[in-house]
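Please look over the model shown below, and then follow the text through its fold, its core and its empty spaces.

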Amino acid sequence: MWGYLTLLPAFLALWATMGIWIVFAIAVANRTVNLSEGFPYISICGSYPPQSCIFGQLLNIGAAMATWICIVRYHQLRDWGVRKSPNQLILWTGLFSALGTSVVANFQEKNQKPTHLVGAFLAFILGNLYFWLQLLLRWRMKSLPQPGGPWLGLLRLALCCLCTVLIVAMIVLHSWKLRSASAVCEWATAMLLFGLFGLLSVDFSVLDSCTLCLQPRPSLSPQPSLSPLPASPISLPVQLSQAS
C-alpha cells in the first residue's frame, strides 16, 4: 500500500531536484549567471532576485519535509528494535542536515557567506553522514527488516560512496581554483542526496500511517473536576501503523 508516508520521501526528492534546476534555468535566462564564464555553484544561481526568493522558499519547504522524514525514520528504527543512543545519533545528524539546508536558503552567499558556508557544511557533510550511519547500523544489526530486498542496501552503499568521493573532490577542486569542476561535483552531490532521501520511500512502504498524541504535564496541585468520574487522559507516543 502506497500511503502518504511512502510518497513523502519521493516527493521531497522530486521537489528539490525540480526546484534547483528551475532556479538554474531562471538564473541563466535572466543572465545573472554566465555559462560562458564557467558552470555556477547552486548557491550562485540562487543568490540574485527573483530566483533567490524561489530558492529560499523551496529549500525551506524541503528542509521541513526532511525533518519530518527523519522523525518518522527514527520511530521506524525504534520499532525495529534499534537502541536509543545510535537511533538518536542518526536522528540528530539528519535534523542538523535539514537545519543546514534552511540556513543555506536564508543566508545567501552574496549576503552572508560565512553563515552560508556553515549551512552548506551541515547540509552536505551531515546529510551524507546521515545515510552512512544507517548503512553502518544495518551492517551491525543484520536482523533489521529490509523492505525492497538486498539490492536496496547495495544501491545505498554505491550512492553513499559516490557522494563521499564527490564531496572530497568538490572541496579539493575549489581549493585548486577549479570552480566549474567543483560546481559540477556540488550539483552531482545534491542530486545523490536527493536520491538517497527518495529511496526511503521503499522503507516507508511498510507503513500505513503515523499518529501523534500529546502527553499533558501533570499539574502541581490537583484541579477540581466537575465530572463524577476521575479524569484520566490516556496518551501515547508517536506510533507508526504497519501497512497491511
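A residue counts as buried when its relative accessible area is under 20%. By that criterion, 44% of the 244 residues of the chain are buried in this structure, which is a predicted model. The chain exposes about 13,500 Å², and carbon and sulfur atoms supply 70% of that area.

The chain holds seven helices and two strands, and, read from the N terminus on, the order of these elements is α-α-α-α-α-α-α-β-β. When contacts between residues at least 6 apart in sequence are considered, 76% of them join residues at least 24 apart.

From the overall fold one can turn to the interior. The largest nonpolar core has 59 residues, among which Ile20, Cys45, Ile69, Phe131 and Phe197 touch the most other members. Two or more residues of this core come from each of α1 (4–29), α2 (42–45), α3, α4 (84–106), α5, α6, α7 (179–204) and β1 (207–211), and the largest share, eleven residues, is given by α7. Phe197 can serve as an entry point here, for, if residues up to four places away in sequence are not counted, Phe197 touches Pro9, Leu12, Ala66, Ile69, Cys70, Tyr130 and Phe131. Two of these partners, Ile69 and Phe131, are also listed with Phe197 among the residues that touch the most other members of the core.

A second position worth following is Thr93, which lies in helix α4. Is Thr93 buried or exposed? Thr93 counts as buried because its relative accessibility is 7%, and the cut-off for that class is under 20%. Leaving aside its neighbours within four places in sequence, Thr93 is in contact with Leu126, Leu129, Tyr130 and Leu133. Tyr130 is thus named as a partner of Thr93 and also as a partner of Phe197.

The next topic is the space between the atoms. Rolling a probe the size of a water molecule over the atoms shows where empty space is left. How many cavities of 30 Å³ or more does a search of the whole structure find? The search finds two, and the largest has a volume of about 60 Å³. Its lining is made up of Arg73, Phe131, Gln134, Leu135, Arg138, Gln146, Gly153 and Arg156, with α5 (113–140) and α6 (150–175) as the elements that give two or more residues. The largest share of this lining, four residues, comes from α5, and by class the lining residues are two nonpolar, three polar and three charged. Phe131, one of the residues in this lining, is also one of the core residues that touch the most other members.

The second largest cavity holds about 40 Å³ of space, and its lining consists of Arg73, Leu77, Gln134, Leu137, Arg138 and Leu144. At least two of these residues are supplied by each of α3 (51–79) and α5, and α5 gives the most, with three residues. Three residues of this lining are nonpolar, one is polar and two are charged. Arg73, Gln134 and Arg138 appear in the linings of both the largest and the second largest cavity.

The pockets, which are open, complete the tour. About 950 Å³ of space lies in the largest pocket, and of the 38 residues that line the largest pocket, Ser43, Val104, Ala120, Phe124 and Glu186 are the closest to its centre. The elements α1, α2, α3, α4, α5, α6 and α7 each give two or more residues to the lining, with the largest share, nine residues, coming from α5. By class, the lining of the largest pocket divides into 26 nonpolar, eight polar and four charged residues.

The second largest pocket contains about 260 Å³ of space, and the residues that line it are Trp132, Leu135, Arg138, Trp139, Met141, Lys142, Leu144, Gln146, Gly153, Leu154 and Leu157. Both α5 and α6 supply at least two residues of this lining, and the largest share, four residues, comes from α5. Seven of the lining residues are nonpolar, two are polar and two are charged. Leu135, Arg138, Gln146 and Gly153 line the second largest pocket as well as the largest cavity, and Leu144 lines the second largest pocket as well as the second largest cavity.

Conventions: Residues numbered from 1 in each chain as written. Predicted model: local features only at pLDDT ≥ 70, side-chain atom pairs only at ≥ 80, totals over all residues. Heavy atoms only, no water. Buried < 20%, exposed > 50% of the residue type's maximum accessible area, 1.4 Å probe, protein only. Contact = heavy atoms within 4.5 Å. Areas by Shrake-Rupley, 256 points an atom, 1.4 Å probe, with all protein chains shown as cover. 1 Å grid on protein atoms, 1.4 Å probe; cavity = no way out; pocket = protein on both sides within 12 Å on 5 of 7 lines; lining within 4 Å. Points joined across faces, edges and corners; volume = space filled by probe spheres on them. Nonpolar A, V, L, I, M, F, W, Y, C, P; charged D, E, K, R; others polar. Core = buried A, V, L, I, M, F, W, Y, C linked by side-chain atoms within 4.5 Å.
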